[in-house]
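Welcome to a short set of worked exercises. Keep the viewer open and try each task before reading its solution.

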Amino acid sequence: MNYKIVAKYIKNIEFTIPNPKVFFLLAENISNYKINIDIKSNQVKENIIVVEISLSLKPTKDDFEKIDSKIIYATLIEVDSKKINKEELEKIILIDVPTKVYSEIRDSFIFLFEKSGFKEIQIDQDVDFNKLYIQKKSQ
């Protein structure tokens, strides 16, 4: 393996329910939301990269009051830059790391909803990051 995970942490959480009306309407409007996943990376040191994966619930329509929810999960990885090319590094950042930490992000996100009274929140248990990578490459 040309990389190892050094640390993982929740970088940021946004979770806002603006008023009681939105709270009560969320159950009815949950079909008007979709899960959005975003992945960014930055080099911290010569062989250290931070991979930030955000998971958010975004409305598909803008004609109703909405909740704001987003979690950003940071994973520090150490790479062996002598043994890795650009394409391999891209796959590590966009496929390997997200695949390894997704369940932790998902569990934290669901925890927020459950503790806020939303027991019926459904978020995919698995995400095929390889498929997303291939789709992105073909665009």
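Buried means under 20% relative accessible area, exposed over 50%, and partly exposed in between, computed with a 1.4 Å probe on protein chains only. The model is predicted, so local features need pLDDT of at least 70 and side-chain atom pairs count only at pLDDT 80 or more, while totals for chains, interfaces and linings use all residues. Residues are numbered from 1 along each chain as its sequence is written, and side-chain values use heavy atoms, with hydrogens and water left out.

**Exercise 1. Describe the overall layout of the chain.**

Step 1. Start with the elements: helices (H or I, at least four residues) and strands (E, at least two) are DSSP runs, numbered from the N terminus. The chain has three helices and four strands.

Step 2. Put them in sequence order, and the pattern reads β-α-β-β-β-α-α.

Step 3. Add the dimensions: along the principal axes, the C-alpha atoms fill a box of roughly 55 × 30 × 20 Å.

Step 4. Check burial and contacts. Of the 139 residues, 35% count as buried. A contact means heavy atoms within 4.5 Å. Among contacts with a separation of 6 or more, 71% are between residues 24 or more positions apart.

**Exercise 2. Work out the surroundings of Glu 52: is this residue buried or exposed?**

Step 1. Locate Glu 52 in strand β3, which covers residues 48-59.

Step 2. Apply the cut-off: Glu 52 counts as buried because its relative accessibility is 16%.

Step 3. Look for a polar partner. A polar contact is a pair of N or O atoms within 3.5 Å; within protein, one must be able to donate a hydrogen and the other to accept it, and residues adjacent in sequence count only if both atoms are side-chain atoms. The side chains of Glu 52 and Lys 11 make such a contact at 2.7 Å.

Step 4. Leaving out residues up to four places away in sequence, list what Glu 52 touches: Lys 11, Asp 38, Ile 39, Lys 40, Ile 72, Tyr 73 and Ala 74.

**Exercise 3. Which residues touch the most other members of the largest nonpolar core?**

Step 1. Define the set: a nonpolar core consists of buried Ala, Val, Leu, Ile, Met, Phe, Trp, Tyr and Cys residues joined through side-chain atoms within 4.5 Å.

Step 2. In the largest core, with 32 residues, Val 51, Ile 77 and Phe 113 touch the most other members. Two or more residues of this core come from each of α1 (20-29), β2, β3, β4 (68-79), α2 (86-115) and α3. The biggest contribution, eleven residues, is from α2.

Step 3. Compare with the general trend: in soluble globular proteins, nonpolar side chains tend to be buried together.

Step 4. Follow the contacts of Ile 77 beyond four places in sequence, which include Val 51, Ile 92 and Val 97.

**Exercise 4. Contrast Leu 55 and Thr 75 with Glu 120 and Lys 86.**

Step 1. Leu 55 is in strand β3 and is buried, because its relative accessible area is 2%. Its C-alpha atom is 7.5 Å from that of Ile 105, 50 residues apart along the chain.

Step 2. Thr 75 sits in strand β4 and counts as buried at 0% relative accessibility. Beyond four places in sequence, Thr 75 touches residues including Ile 5, Val 51 and Val 101.

Step 3. Glu 120 belongs to the loop between α2 and α3 and counts as exposed at 66% relative accessibility.

Step 4. Lys 86 lies in helix α2 and, at 73% relative accessibility, is exposed too. The C-alpha atoms of Lys 86 and Asn 2 are separated by 12 Å, with their positions 84 residues apart along the chain.

**Exercise 5. Which element gives the largest share of the lining of the largest pocket?**

Step 1. On a 1 Å grid over the protein atoms alone, a pocket is an open set of points where a 1.4 Å probe fits, with protein on both sides within 12 Å along at least five of seven lines; lining residues have an atom within 4 Å of a point.

Step 2. Two elements, β2 (33-43) and α3 (129-138), each supply at least two lining residues. The largest share, five residues, comes from α3.

Step 3. Residues lining this pocket include Asn 36, Asp 38, Phe 129 and Lys 136.
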